[in-house]
Amino acid sequence: MKKLALILVLLLVFATPAAAQGSVALTFDDGPSKVTTQIMAALEDVDGRGTFFVLGNRCADYPKILRRMVRRGHEIGGHSWGHARLTGLGSAALAQDIARTTQAIEQHSGHAPTLLRPPFGAINQQLRNQADVPIIHWSVDTHDWQFCDQLCPRRDASQCAREVDKLVNDVLENLQDGDIILMHDIFDFTQQAALRLIEKLHEGGWQMVTVSELFAQRGITLQPGEVYYHARTV
């Protein structure tokens, strides 16, 4: 009996997965694009989900990707119609931009956006007053756009690999439970970096969830017009 009890204890110890580090929300701005599909697939492979803040003027070109987002449990937020600085718009123009973007997302995905992320992270009181969904900022900025081919056209593969490693290591170094991570799903570099980051997060026991799921896990109900930077509890 003692041997049997010992065997059962050992089985439990080695069969029980390592405790998770916590939950984070991977978010992607400026899409959708051809890059988006690969990022979604990588998330789905590890039972993760992401939040995609899309531009209204890109929706008509990528309806299949948008519908896949909905079908696979990802989350869609608005990111303006054409990346205008929303804080620079008058009240009427702002209302038009939000409404036009919402309509495009709903038309091509089948669902209205649940969140808003303003371009450049620019927020003022007028935007908060007119937003009909929660406004999502971020707590971890990967600065992935700085490594895109448009800014670094002469890099070789080894340099690109080093930059991917640096981005991923920088994110992981100070990552906390409840963080919201900012990336952009329009660059080939971001695709490489996102795939590596997703792999490392999964290996480290992190759960990758949508923004709404991140807050729901903590019993927080997101409110329209309110600004959220993270869901950390400490």
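**Figure 1. Glu44 and its salt-bridge partner Arg72 in the predicted model.** With a relative accessibility of 17%, Glu44 counts as buried, whereas Arg72, at a relative accessible area of 37%, is partly exposed. The side chains of these two residues meet in a salt bridge, with 2.6 Å from N to O. The contact joins distant parts of the chain, since Glu44 belongs to helix 2 (residues 34-45) while Arg72 sits in the loop between helix 3 and strand 3, 28 residues apart. Arg68 also takes part here, as Glu44, Arg68 and Arg72 are linked in a network of salt bridges.

**Figure 2. Strand 3 and its pairing with strand 2.** Strand 3 covers residues 75-78, and its residues are all buried, with Glu75 and Gly77 pointing one way and Ile76 and Gly78 pointing the other way. Strand 2 (residues 51-54) pairs with strand 3 in the parallel sense over four bridges, and within this pairing Val54 of strand 2 has Gly78 of strand 3 as its bridge partner. Between the two strands the chain passes through helix 3 (residues 63-71), and this β-α-β crossover from strand 2 to strand 3 is right-handed.

**Figure 3. The pairing of strand 3 with strand 4.** Strand 4 (residues 115-116) and strand 3 pair in the parallel sense, here over two bridges, and the bridge partner of Gly78 in strand 4 is Leu116. The chain runs from strand 3 through helix 4 (residues 91-109) to strand 4, again as a right-handed β-α-β crossover.

**Figure 4. A salt bridge between two loops, formed by Arg218 and Asp177.** The closest N and O atoms of Arg218 and Asp177 are 2.6 Å apart. Arg218 lies in the loop between helix 8 (211-216) and strand 9 (227-228), and Asp177 lies in the loop between helix 6 (157-173) and strand 7 (180-184), so that this pair links distant parts of the chain, 41 residues apart. Asp177 is partly exposed, having a relative accessible area of 32%.

**Figure 5. A salt bridge within helix 7, between Glu203 and Lys200.** Both residues belong to helix 7 (residues 188-203), where they are three residues apart, about one turn of the helix. Their side chains meet in a salt bridge with 3.7 Å from N to O. Glu203 is exposed, with a relative accessible area of 53%, while Lys200, at 35% relative accessibility, counts as partly exposed. A search of the whole structure finds ten salt bridges.

Note on methods: Residues are numbered from 1 along each chain as its sequence is written. This is a predicted model: local features need pLDDT of at least 70, side-chain atom pairs count only at pLDDT 80 or more; totals for chains, interfaces and linings use all residues. Side-chain values use heavy atoms; hydrogens and water are left out. Buried means under 20% relative accessible area, exposed over 50%, partly exposed in between (1.4 Å probe, protein chains only). Two strands pair if DSSP finds at least two bridges between them. A crossover is right-handed if, with the strands pointing away from the viewer, the path from the first strand over the helix to the second runs clockwise. A salt bridge is a side-chain nitrogen of Lys or Arg within 4 Å of a carboxyl oxygen of Asp or Glu.
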